[in-house]
Amino acid sequence: MQTAMDVLNTQFNYAVILGGGPSGLAAGYALSEAGSNVLLIERQARVGGLARTIEHHGFRFDLGGHRFITGNKQLENLVREILRGELLEVDRSSKILLDGKFYDYPITVRNALSRLGLRKSTRIVADYLSEQVRRRFTKTTAISLEDWVVQHFGRSLFELFFKEYSEKVWGVPCDRIAREWVARRIKGLSLGVAIKTAFSRAGSQRVRTLSSQFLYPPLGIGQICDGLKARIDKVGQVMTDTAVIGINHADNRIQSIIVKDAGGVQGYPGYEFISSIPLTLVVQLMNPQPPAEILQAAASLRFRDLIVVTVMINRERVTDQTWIYVPDSTIPFGRIHEPKNWSARMAPHGKTHLVVEYFCFKEDDIWTATDTALAQRTVRELSELGILEPEEVYDSIVLRVPNAYPLFDVDYIEKQQCIVEYLDRFTNLELVGRGGQFEYYNTDHAMESGIAAAEAIIARIDGTVAVRTPVLAAGRART
Ligand SMILES: Cc1cc2nc3c(=O)[nH]c(=O)nc-3n(C[C@H](O)[C@H](O)[C@H](O)COP(=O)(O)OP(=O)(O)OC[C@H]3O[C@@H](n4cnc5c(N)ncnc54)[C@H](O)[C@@H]3O)c2cc1C
């Protein structure tokens, strides 16, 4: 007996998915498994989006190390199945490099006290206590990242460990960054809790985002997306090196998309559409154009961009850390990782590599600096930090990653909501993913959003429940 899906499959590219990162691929996977013929369009040569792994002369690296953590057992099982059980359990050990000293990250009270000395430590604790007293008598709402961290850790600790790093990541002052980012990352943690746990038997307990172990595919995070693509390929089509350049709509339905590849421009009609490309771009690509206020909201939402400089080193191993955070504003990059500490298969025998993250905007001089200048500067800074000797570096590669982080300034929610409400009128369009929903999603959240959209579409077509995915509600609930 033919199902509703079979009938539609013969008439259309039943589901058209915009973007082949974890969210788009997870949606495509779920729809393919349900029997839908899926067409997925990806602008890059390879799928994976921000969660792809680059291969370079025997070295492999993520665009900033991507650990996989999820509290969703079903999703974890799906990832295990996709990777045929090949998933490493990696111990996390990260440090903050400040004034030539390594501090534990997450900050541990004993480690911080031993390195900061009695005077600074006393000031930190006194500041924290006075903040607690102040809060008891004056009710204040934390709006910005600065408000939130000062309330939870006191001003001295904020200035020492959080201010410079957060401003490096976001490129705007901490009183302009929405508290959501830091509040979600270190939910449940405060100096009070850290002091209590440091001196209690539960000292080793950590909150989820700072967990001491994580999962990692042996050949890099990109293995997950490659595995999802292989499953879609069996029944659907994934077109890479193809950019969506237009979205046609009428009567509150998306009718077709216009794409551009090496062969030219063409249109693809569809019945259901899932978009994981940046929310701001979707609005710009709409034909007919959305109202001016929607275009304005999209123009005022920004993404932070990223440059990844990877240097190849003639040494077995350089560090023993998962990540090294570098808050110092005089050093141009913010984070370093050595992929070999995540999986031994990420570098050839006897050699290693360091992946260095520069947070920036496309308008910054650093974005247009030459690859040679960026590589030379990276090696010089790493050498001055005492991490390597310049003579050990024999190769490098520079990658520019646009739209790496949705920028959560203190009034982003209104603009995001205004766009989402406008797009909500399209009854056959689902928004998914980090850029697609403008949410601070990790890989697991992005995949969940894709699967939820696929399930909503399947339910719609089966006529079981006429639902849309609760885009904003899902995003807000994240930790
Ligand atoms: C530096 C860094 C470190 C991170 N670390 C972690 C970590 O440790 N753990 C973790 O779980 N997550 C981590 N993340 C987050 C993770 O990368 C994202 O959550 C995830 O990749 C989001 O998936 P997505 O599909 O929503 O979006 P994306 O990965 O951004 O995918 C969107 C896709 O759409 C494509 N696209 C855009 N425009 C077009 C167009 N016009 N036409 C066609 N295709 C288009 C893009 O090329 C891209 O492939 C990190 C992110 C960054 C930047």
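# Reading a model, feature by feature

Author: Let's start with one residue: Arg84 is exposed, because just 8 other C-beta atoms lie within 10 Å. The cut-offs go like this: 20 or more other C-beta atoms within 10 Å of a residue's own is buried, 12 or fewer is exposed, anything in between is partly exposed, and C-beta atoms are placed from the backbone. One caution: this is a predicted model, where local features need pLDDT of at least 70, side-chain atom pairs count only at pLDDT 80 or more, and totals for chains, interfaces and linings use all residues. Residue numbers start from 1 along each chain as its sequence is written.

Reader: Where is Arg84 found?

Author: Arg84 is in the loop between helix H3 (73-82) and strand E5 (88-91). Helices (H or I, at least four residues) and strands (E, at least two) are DSSP runs, numbered from the N terminus. The protein has 17 helices and 19 strands, and 43% of its 479 residues count as buried.

Reader: What about backbone angles, say the phi of Arg84?

Author: Most residues other than glycine have a negative phi, and most peptide bonds are trans. Arg84 has a positive phi, near 50°. Asn252 has a positive phi too, near 60°, and sits in the loop between strands E10 (243-250) and E11 (253-261). Asn252 counts as exposed because it has 11 C-beta neighbours inside 10 Å. As for peptide bonds, the one joining Asn287 and Pro288 is cis, with omega about 0°. Pro288 belongs to the loop between strand E13 (286-287) and helix H11 (292-300).

Reader: How do I read helix packing?

Author: Two packed helices are described by the angle between their axes and the distance between the axes. Here, axes are lines fitted to C-alpha atoms, for helices over the stretch in contact, and angles run from 0 to 180 degrees between N-to-C directions. Take helices H2 (residues 22-33) and H9 (residues 222-233): their axes come within 9 Å and cross at roughly 30°. Among the residues that meet are Leu25 and Tyr29 in H2 and Leu228 and Ile232 in H9; contact means C-beta atoms, placed from the backbone, within 7 Å. The residues of this contact divide into eight nonpolar, two polar and two charged. For that sorting, Ala, Val, Leu, Ile, Met, Phe, Trp, Tyr, Cys and Pro are nonpolar, Asp, Glu, Lys and Arg charged, and the others, Gly among them, polar.

Reader: At what angle do H2 and H16 pack?

Author: About 35°, with the axes of H2 and helix H16 (residues 443-462) 7 Å apart. Pro22, Ala26 and Ala30 are among the H2 residues in this contact, and the H16 residues include Ala446, Gly450 and Ile457. The residues here divide into eleven nonpolar, five polar and one charged.

Reader: Which residues of H5 are buried?

Author: Helix H5 (residues 145-153) is mostly covered, with eight of nine residues buried. The buried ones are Leu145, Glu146, Trp148, Val149, Val150, Gln151, His152 and Phe153. Gly154, just after H5, takes a positive phi of about 85°.

Reader: And Leu388: what does it touch?

Author: Leaving out residues up to four places away in sequence, Leu388 touches Ile313, Val318, Leu382, Ser383 and Val393. Ile313 is 75 residues from Leu388 in sequence, yet their C-alpha atoms are 8.5 Å apart. Leu388 lies in the loop between helix H13 (371-384) and strand E18 (393-406) and is partly exposed, because it has 19 other C-beta atoms within 10 Å.

How values were computed
Contact = placed C-beta atoms within 7 Å.
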